[in-house]
Amino acid sequence: FFSSAARCWRTLSAAARRVLGRMSDSGQSVLLATAGYDHTIRFWEAPTGVCYKTLQHPDSQVNQLQITADRQRIAAAGNPSLRLFEINSGPPSALTTYDGHTSNVTAVGFEADGKWMYTASEDGTLKLWDLRAAGCQREYESGSPINSVALHPNQVEIVSGDRDGNIRVWDLAQNACSAELVPDGDKSIQSLSIARDASTLAAANVRGSVFLWRLGPAPGCGESRASADLEQCGSSAEPAEPTEPAEAREAREARAPSAADGAEPRHAEVGGAVPSRLRIEPLQKLQAHASYVIRCIISPDCRRLATTSADHTTKVWDMANNFSCEETLSGHQRWVWDAVFSADSAYLVTASSDQTARLWDLADGVTLQHYTGHHKAVTSIALHDGPV
């Protein structure tokens, strides 16, 4: 027993040293945060498992965390508000509180340049917020509690999944719903993920199923990515030169909310869908788990899909090999609520109702580090270990 334990300790120590070496070699500090039902947000030294900062979130549990691309702020989605914290400030306190939802905020994210933010809620709405202005600038009515949202890499479409089993594509340029999918009747969509290369959409539901679609531009629509000039939205700026493609100009001018939209949010509802700029083709269905799938996430290198479940496990699927199961990560004692890949897709961090988070080496399928200190379920993780 002792020799086996010693071998295991040597293996884990070497693996931990590899993680620490990779972090040091990258020249980037690692931001790892967890939160959940004990009303705290904890920041961890990733290689050592030491908690070095704790933020209080007194209003409610934290449903999701998201770090801005510049690593300066962290958003915490609660019930019914969202709080934005300065990460590196002296006394830890909320920088801004975003009110407007009337129930649990279940999703939060930032556009690529960090100038606007999106939130979704069990109140059935998806809201867009200009971080340079007060109030909500746009609102989309789903008609059913929204569980998950994913922003397309083109920054022009947002995909939502709701409790009634609907997946909807919201076109920000046309300010309307452009596509709807119902993969499994009224079975609640729990989680969505879009590949960073915009090739694949994944959706997980309460029956343990994961549905995959191949994405591409719709016929007649070229690839486009909207610009970062949010002030063009709704403004009276001079029109672009005639040499600019019409679609690119449309996306640039209507990509995001802006203070120019006025104090009242612009509303868009499900009815009257507009033509979609996306081609969405069924790819595959996985029966990933026998119980609820809580989170699905595609790795940054677009080679792996991870699914977390109420069955206490996380599974990793090989996207290049017909989505075969590459690894089953066992060790958590209760539901696994969240997961996030490292920037190089070599590691995974998971969070569980067992009050812990774990760092996994996906090459070996072993736990490199435990993060302990929460007093209730850990339901959300945020990790930033890439370049600013």
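**Arg83 and Asp59**

I began with Arg83, which in this predicted model forms a salt bridge with Asp59, the closest N and O atoms lying 2.8 Å apart. I then looked up where the two partners sit: Arg83 belongs to strand β6, residues 82–86, while Asp59 falls in the loop between β3 (51–56) and β4 (64–67), so that the pair links distant parts of the chain, 24 residues apart. I noted the accessibility of each side as well, and found Arg83 at 17% relative accessibility, which counts as buried because the cut-off is under 20%. Asp59, by contrast, comes out at 46% and counts as partly exposed.

**Glu139 and Lys127**

I next turned to Glu139, which forms a salt bridge with Lys127 at 2.2 Å between the closest N and O atoms. Glu139 lies in strand β11 (residues 136–141) and Lys127 in strand β10 (residues 125–130), so this salt bridge ties together parts that are twelve residues apart in sequence. I checked both partners for burial: Glu139 has 8% relative accessibility and counts as buried, and Lys127 is buried too, with a relative accessible area of 5%.

**Glu281 and Arg214**

For the third pair I recorded a salt bridge between the side chains of Glu281 and Arg214, with 3.8 Å from N to O. The partners come from distant parts of the chain, Glu281 from strand β20 (residues 278–287) and Arg214 from strand β18 (residues 209–217), and they are 67 residues apart. Here I found Glu281 partly exposed, at a relative accessible area of 29%, and Arg214 partly exposed as well, at 39%.

**Network and total**

I also looked for charged groups joined beyond single pairs, and noted that Glu157, Asp171 and Arg277 are linked in a network of salt bridges. For the structure as a whole I wrote down 14 salt bridges.

**Confidence**

Finally I looked up the confidence of the prediction: the protein averages a pLDDT of 84, and 78% of the residues score at least 70. Over residues 1–12 the pLDDT is below 50, and I found that this stretch has two contacts in the model beyond near neighbours in sequence. Residues 23–27 also have a pLDDT below 50, and for this stretch I noted four contacts beyond near neighbours in sequence. I keep in mind that, where pLDDT is low, the predicted coordinates should not be read in detail.

Notes. Residues are numbered from 1 along each chain as its sequence is written. This is a predicted model: local features need pLDDT of at least 70, side-chain atom pairs count only at pLDDT 80 or more; totals for chains, interfaces and linings use all residues. Side-chain values use heavy atoms; hydrogens and water are left out. A salt bridge is a side-chain nitrogen of Lys or Arg within 4 Å of a carboxyl oxygen of Asp or Glu. Helices (H or I, at least four residues) and strands (E, at least two) are DSSP runs, numbered from the N terminus. Buried means under 20% relative accessible area, exposed over 50%, partly exposed in between (1.4 Å probe, protein chains only). pLDDT is the predictor's confidence in each residue, from 0 to 100. Contact means heavy atoms within 4.5 Å.
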